[in-house]
Amino acid sequence: MDILLVEDDDSIAEPLCAGLQRVGYTVTRVATGGDALAVVEPEFILLDLGLPDADGADVCRELRGRSDVPIIVITARADEIDRVVLLELGADDYMVKPFGFKELQARIRAVLRRAQPRAADPGATTPLRVGALEIDRRTRRVTIDGAEVLLTPKEFDLLAFLATDPGAVFSRQEILESVWDTHWYGPTKTLDVHVAALRKKLGETAWIETVRGVGFRLSPPE
Ligand code: CA
């Protein structure tokens, strides 16, 4: 997923870009409201409210007027934030500087989940495509280059979950909570067993990459 970062302060934007890229996002960074509005069909927006050329709130309103793109607003001061006003402007969430990168990641995920219904959601009717892989959540069918891959229900749920954000790293805990049970605190061996089975069925181990000490990500093999 490509994230548009609208932030004029290099000391914030640079580590943020690096962090987002490290966890698998691509990032387009701009420093003004004008440049932000010039980007064609962004997929996700992190928007600083204090911009040199425009009021971030106006930029937010204008972006929302054009599309349903998820927007998380970033502000330097807690008292700048009027949650009601932000929601009226169409922001999906906000963060107050300074914030931790892990928290930002969690909020991006949460906003994405609200925007893209989960695998189990009957409303999730659009097939997910990752390279040659197509995952139809309505019929629960998986194909690679048109050839069907037969999965168990849990294998399907796991694959569909990872495919909601290809390239992004999902933590083990996050996967277990989303795919198995909201209150899963048991051993995580189950997850490894399912990942191994999925890799075998997808034909190439590289589909699901292990990110040491963190979790897993789904992306097309090189
Ligand atoms: Ca700023």
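**From a strand pair to a buried lysine**

Threonine 75 sits opposite valine 96, a residue of β5. That is a good place to enter this model, which is predicted. Threonine 75 and valine 96 face each other across two strands. Those strands are β4, residues 71–75, and β5. They run parallel, and four bridges join them.

Now widen the view to the sheet. It is open and has five strands. Read across, the order is β2-β1-β3-β4-β5. The pairing is parallel. At the edges stand β2, residues 26–30, and β5. Each has a single partner strand, so one side of each is left without a neighbour in the sheet. From one strand to the next, the twist averages 20°.

Helices pack on this sheet. Take helix α1, residues 10–22. It touches β1 (2–6), β2, β3 (44–48) and β4. The direction of α1 makes about 165° with that of β2. Helix α3 covers residues 56–66 and also packs on the sheet. Its contacts there are with β3 and β4. The direction of α3 makes about 160° with that of β3.

Return to β5 and follow the chain onward. Strand β5 spans residues 93–96, and helix α5 spans 101–115. In the loop between them lies lysine 97. Is lysine 97 buried or exposed? Its relative accessibility is 17%. Buried means under 20%, so lysine 97 counts as buried.

What does the side chain of lysine 97 meet there? One polar contact, of 3.0 Å, links it to the side chain of glutamate 7. Another polar contact, at 3.3 Å, is with the side chain of aspartate 48. Set aside the neighbours within four places in sequence, and the contacts of lysine 97 are Glu7, Ile12, Asp48, Ile74, Thr75 and Ala76. Several of these names tie back to the sheet and its helices. Asp48 falls within β3 (44–48), and Ile12 within helix α1 (residues 10–22). Ile74 and Thr75 belong to β4 (residues 71–75). Thr75 is also the residue that stands opposite valine 96.

Finally, step back to the whole protein. It has eight helices and twelve strands. There are 222 residues, and 46% of them count as buried. Take the contacts with a separation of 6 or more. Residues 24 or more positions apart account for 53% of these. The accessible surface comes to about 11300 Å². Carbon and sulfur atoms hold 52% of that surface.

Terms used: Residues are numbered from 1 along each chain as its sequence is written. This is a predicted model: local features need pLDDT of at least 70, side-chain atom pairs count only at pLDDT 80 or more; totals for chains, interfaces and linings use all residues. Side-chain values use heavy atoms; hydrogens and water are left out. Buried means under 20% relative accessible area, exposed over 50%, partly exposed in between (1.4 Å probe, protein chains only). A polar contact is a pair of N or O atoms within 3.5 Å; within protein, one must be able to donate a hydrogen and the other to accept it, and residues adjacent in sequence count only if both atoms are side-chain atoms. Contact means heavy atoms within 4.5 Å. Accessible areas come from the Shrake-Rupley method with a 1.4 Å probe; for residues, only the protein chains shown count as cover. Two strands pair if DSSP finds at least two bridges between them. Axes are lines fitted to C-alpha atoms, for helices over the stretch in contact, and angles run from 0 to 180 degrees between N-to-C directions.
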